[in-house]
Number of protein chains: 2
Amino acid sequence: MDQVDTRGKIVAAASYLFQTKGYAGTGLNEILRESGAPKGSLYYYFPGGKEALALAAIEQASHTMQAKVRQNLALAAEPVAAIRQVLADMIQALQNDGQLLTLSLSMLALETCHSSEPLRQACARSFREMAAIYTAKLAAGGYPPARAAEGGQLLQATIEGAIILSLTQKDTAPLQLLQSQLPDLLKPRNWQADSASGPD
Amino acid sequence: MDQVDTRGKIVAAASYLFQTKGYAGTGLNEILRESGAPKGSLYYYFPGGKEALALAAIEQASHTMQAKVRQNLALAAEPVAAIRQVLADMIQALQNDGQLLTLSLSMLALETCHSSEPLRQACARSFREMAAIYTAKLAAGGYPPARAAEGGQLLQATIEGAIILSLTQKDTAPLQLLQSQLPDLLKPRNWQADSASGPD
DNA sequence: TATTATCTAGACCGGTTGCTATAACCAGGA
DNA sequence: TCCTGGTTATAGCAACCGGTCTAGATAATA
């Protein structure tokens, strides 16, 4: 096998499988079959074993996801319109069999948050970086810094939740609902009393 | 072992372990150790095996979570205040080692949405029922029916996402941010143009 | 007491898991 | 050509996986 590619192929296969089948649900032999790499190479490149491989996979998945989100955000200058592009891409991914899971690290994060500190931290970092991309887009759209930061994080949470619901329900409705609710979600804070407002 | 309890003990152990360690990450032998039940009983009560047990576990987890959310929602009549109680309970759970995962089925849902149709459907049903509880609370607080339905679903998504981020980051900040953003999230729709608003 | 249904208990099975160990292969450089 | 380091290849390991099977225990009933 081409040496330039072996490590990369292993990481690519791991990235895909960990995202779509989970950490515990993916065996190393399956990664090897998917990548075509020999078992010796896996431990040669990742002496730390499965966990070390997962760290590399999280890194790669993060970069891929972040590049995709940046690309979609660049399709419009106005934040709401741009984030709608991101969501439209996710809706498309749900309709392409099984691809939506490649846009999230939630499963891996949930599986490992109590069982592997290095993996928990890697996922946390990935989430922070993604939230920062949303934050930057809001800031570039004129949101005040503090509001942009809050919006970025709230977006992160809501998008991850909508992905889970869409996958579970096998329905784009949660992502579509989020698209329609974006203006409220991102509306700047301009209320004074926040507990007794209820509906107007 | 007391026959009245055996099945229940197996389901309780399964419910806890599936929620905290995931479906693939939990072995049947571990459930047996946790419950004290003999292996023969597991297959006696669940001839369908692991998947059948998981269906019962999802049912039980759902009921437990729904009861808890209803209890918390009942602490205040006004929806925002009530939902803040729910979130406060979650924040408390995060601070009690490992308990927050018992308030979510997201991990199990993600793991099984492509690999088991019965389990996907059971999780989907659980999510729908939970969203309906939120919806009912909003409606009882005076939200128009359509708005209450949207709010319930958006809440569902955002809460699940905030749970994941809080667990991954080992920090209550995402749940706390959601608490503070609730009025905006649930604000009724009163805008006309939704794409060029940006910040005021 | 015998029968029957329910439930318990645990040995066993083939397969998979992550990892170890070791030898062989291969390309590049002296 | 020989040497060396990087890489490949594969056998083997203990443990675990979900599930099967069978006998025994128990309680209720005729």
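Partly exposed residues have a relative accessible area between the buried limit, under 20%, and the exposed limit, over 50%. The legends below apply this to a predicted model.

**View 1. A salt bridge within helix H1 of chain B.** B:Asp5 and B:Lys9 pair through their side chains, with N to O at 4.0 Å. Both residues sit in helix H1 of chain B, four residues apart, so about one helical turn separates them. B:Asp5 has a relative accessible area of 33%, which means that this residue is partly exposed. B:Lys9, at 36%, is partly exposed.

**View 2. The protein surface around DNA strand C.** DNA strand C is surrounded by 17 residues. The closest are A:Leu28, A:Lys39, B:Thr6, B:Ser41 and B:Tyr44. Of the strand's atoms within 4 Å of the protein, 63% belong to sugar and phosphate. Chain A supplies at least two residues from each of helix H2 (28-35) and helix H3 (39-45). Chain B does likewise from helix H1 (3-21) and helix H3 (39-45). H3(B) gives the most, with five residues. By class, this surface holds six nonpolar, eight polar and three charged residues.

**View 3. Individual atoms at DNA strand C.** A:Lys39 places a polar side-chain atom 2.4 Å from a base nitrogen of DNA strand C. B:Gly40 uses its backbone: an N or O atom lies 3.3 Å from a base nitrogen of the strand. B:Ser41 addresses a phosphate instead. A polar side-chain atom of B:Ser41 is 2.5 Å from a phosphate oxygen.

**View 4. The interface of chain A and chain B.** Here 56 residues of chain A contact 56 residues of chain B. The area buried between the two chains is about 5100 Å². Carbon and sulfur atoms give 65% of that area. Seven residue pairs are in polar contact across the interface, both partners at pLDDT 80 or more. On the side of chain A that touches chain B, five helices each supply at least two residues: H5 (79-95), H6 (106-112), H7 (117-140), H8 (145-169) and H9 (173-186). H8(A) gives the most to this side, with 15 residues. The residues of this side of chain A divide into 24 nonpolar, 17 polar and 15 charged.

**View 5. The salt bridge between the chains.** The count between chain A and chain B is one salt bridge. A:Lys170 and B:Glu117 form it, with their closest N and O atoms 4.0 Å apart. A:Lys170 lies in the loop between H8 and H9 of chain A, and B:Glu117 in helix H7 (residues 117-140) of chain B, so the pair joins two chains. A:Lys170 counts as exposed, at 58% relative accessibility. B:Glu117 counts as partly exposed, at 34%.

**View 6. A salt-bridge network in chain A.** A:Glu59, A:Arg125 and A:Glu129 are linked in a network of salt bridges. Within this network, the side chains of A:Arg125 and A:Glu129 meet at 2.9 Å, N to O. The two residues are four apart in helix H7 of chain A, so about one helical turn lies between them. A:Arg125 is partly exposed, with a relative accessible area of 42%. A:Glu129 is partly exposed too, at 27%. Over all chains, a search of the whole structure finds 15 salt bridges.

Key
Residues numbered from 1 in each chain as written. Chains lettered and ligands numbered in written order. Predicted model: local features only at pLDDT ≥ 70, side-chain atom pairs only at ≥ 80, totals over all residues. Heavy atoms only, no water. Contact = heavy atoms within 4.5 Å. Buried area = accessible area lost by both parts, 1.4 Å probe. Polar contact = N/O pair within 3.5 Å; in protein donor to acceptor, adjacent residues only side chain to side chain. Nonpolar A, V, L, I, M, F, W, Y, C, P; charged D, E, K, R; others polar. Near = heavy atom within 4 Å. Buried < 20%, exposed > 50% of the residue type's maximum accessible area, 1.4 Å probe, protein only.
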